[in-house]
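The following paragraphs lead the reader through one model, moving from its enclosed spaces to its strands and its disulfides.

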Amino acid sequence: MKDIDEKYHSQPDKGFKIVPATLLVIVLCGFSFYLGGIFCSEKNKLESQTVQDISKAVSPSKEAAANSRQITSFAFPECSIDYQDYTPCTDPNRWRKYGYYRLTFLERHCPPVFERKECLVPPPDGYKPPITWPKSRDECWYRNVPYDWINKQKSNQNWLRKQGEKFLFPGGGTMFPRGVGAYVDLMQDLIPEMKDGTVRTAIDTGCGVASWGGDLLDRGILTVSLAPRDNHEAQVQFALERGIPAILGVISTQRLPFPSNSFDMAHCSRCLIPWAEFGGIYLLEVHRILRPGGFWVLSGPPINYENRWRGWNTTVEEQRSDYEKLQDLLTSMCFKLYAKKDDIAVWQKSSDNSCYDAKLADPDAYPAKCDDSLEPDSAWYTPLRPCVVIPNPNLKKTALESLPKWPDRLQVAPERIADVPGGTAGALKHDDGKWKVRAKHYKKLLPVIGTDKIRNVMDMNTVYGGFAAALIDDPLWVMNVVSSNAANTLPVVYDRGLIGTYHDWCEAFSTYPRTYDLLHLDGLFTAESHRCDMKYVLLEMDRILRPKGYALIRESSYFVDAIATIAKGLRWDCHKEDTENGGEKEKMLVCQKKLWFSSNSGSR
């Protein structure tokens, strides 16, 4: 009993200890909650005030903030006058950083982000609006392309000639001293398909001042003139100043930025490309981009070596060996000699895949067949490989002889549209109809489209080339650009008889400053703003746009005001317009670049 009583009487003491401890915990929690409430209240007030301050600085209204991207104003400085011919990804000042093997230094090498220029490229002193087409094919203002080296070195070959304030283009060339017209006449005699609309697209490697491509325009053939930025100075800039399609590029260690099986013809007139060297790897690239049944035309060494070798600082034996080596390589790639006369030789790529089966069946054959790990159309920073890209045997209507003749070709859905997600003949027809309506509306917004004021046009993010197709009857040409990160629709563009290139707009385009009259884009910033800084894309547009040239920008309402703000810093005059459909979802910005001259000079 004693033990029970003692146990019982001990309870009041224990309870006495627990109650104060509990009260203490409750009091402390309450006090902590009180202090936390005060702190959170002040914090919310501070955050609220901060948000209000930011909103006042960035967005004029809650509605605007919800529906558009607002940015602060920009004011870009002028670049030094030394940058008047600046090509960021083919800059001669960066050549020494890269190797000379196979002319690697002439390929694209874009500056890193921290070296990008955020300034406006000035025109040369004395720059004038370019001479209009078709007169521009024969002459241009000297001050617009003030390069003397090429004039001194090539005037004896009738490439060009300086006369007063102008450069004149007599239409001569190293291999066509009687003029480019007579040269192409002979070529057409050898290739009758050049006369009837069969041949529509061509590439001229080592184009000089693009006289060959310029002559072909009157014959219904659209040529991409290709040349690097090298010691010949501004070959591509001369071409574009004349109103002839051209792009900077070189066959070196990377594929050209074009899809496989696309050009109807490729041409080299003493372009100094060592076709038979390095295992014929340059010739393999021509084979890749030339469609089945397409033609490769070569004039210059070693063609007609029997009569020409004395002027080439070589021996007849060396030239005979070079010709035989070239012929063997072409045969191994399923080319056959199609025609040959005087200084011109023509080979045709086989349309019959059984040729490849026969020649490449031997595992030791060279060149070997490319394996399936290399996509034939992969052409953006894709290394050249010493293997033959065999045309897809399932494609029966991609060969040159299977395509409709020009201009019917433009309206027929190509076979390769089936390779595009959602691509059908109906989708192409719908797209063409949409662009006809849009082009009509654009001409109301910008009446100079269709006049001699607009010659060189770029569609910065085309799908099927619908914008170019809608303007096909106007005196202009369109460079159709397909994003290297978008669906691969460029084969469809070429199969329709149009031209274009792959490109990534996070980088500079392969052209000189002041080379396009009109830049058009449709939702480019909506599609690419997660990857590319809008500011740098617009600075690049300013670089390649001619003074007094135009930009037609079709964008979601979210981006339009921000683009207009940056454009003001570029010294563009812009006004916002409705699309052909009206509504608020999309808007048009119609902009014109001002002509201004450098207020400073100096070195880089």
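Which element gives the most to the lining of the largest cavity? In this predicted model the answer is β15, which contributes three residues. The cavity itself holds about 250 Å³ of space, and among the 20 residues that line the cavity, those closest to its centre are R108, G249, R255, P257 and S510. Besides β15, the strand β6 (246-248) also gives two or more residues to this lining, which by class comprises eleven nonpolar, six polar and three charged residues.

The strand β15 leads on to a sheet. Seven strands form this open, mixed sheet, in the order β15-β14-β13-β16-β17-β19-β18. Because β15 (500-503) and β18 (572-578) stand at the edges and have a single partner strand each, one side of each is left without a neighbour in the sheet. Neighbouring strands are turned by 20 degrees against each other on average, when direction is ignored.

At the β18 edge, the partner is β19 (residues 586-593), and the two strands pair in the antiparallel sense over seven bridges; within this pairing, E577 stands opposite M588 of β19. Helix α17 (residues 557-569) lies across β17 (545-556), β18 and β19, and runs at about 160 degrees to β17.

The largest cavity is one of six cavities of 30 Å³ or more that a search of the whole structure finds. The second largest holds about 70 Å³ of space, and R255, named above among the residues closest to the centre of the largest cavity, is also one of the residues that line this second one, together with others including I281, L284, C370 and V389. Helix α8 (residues 281-289) supplies the largest share of that lining, four residues, and the classes divide into seven nonpolar, no polar and four charged residues.

Among the open spaces, the second largest pocket has about 520 Å³ of space. Of its 26 lining residues, E375, P376, I390, P391 and N392 are the closest to the centre, and the lining as a whole consists of twelve nonpolar, five polar and nine charged residues.

Covalent links complete the picture. Seven disulfides are found in the whole structure, one of which joins C89 to C110 with an S to S distance of 2.0 Å. This link is right-handed, with 105 degrees about the S-S bond. Both cysteines lie in the loop between α3 (62-67) and β1 (139-141), so the pair ties together parts that are 21 residues apart in sequence.

Key. Residues numbered from 1 in each chain as written. Predicted model: local features only at pLDDT ≥ 70, side-chain atom pairs only at ≥ 80, totals over all residues. Heavy atoms only, no water. Pairing = 2+ DSSP bridges. Axes fitted to C-alpha atoms, helices over the stretch in contact; angles between N-to-C directions. Contact = heavy atoms within 4.5 Å. 1 Å grid on protein atoms, 1.4 Å probe; cavity = no way out; pocket = protein on both sides within 12 Å on 5 of 7 lines; lining within 4 Å. Points joined across faces, edges and corners; volume = space filled by probe spheres on them. Nonpolar A, V, L, I, M, F, W, Y, C, P; charged D, E, K, R; others polar. Disulfide = S-S within 2.5 Å.
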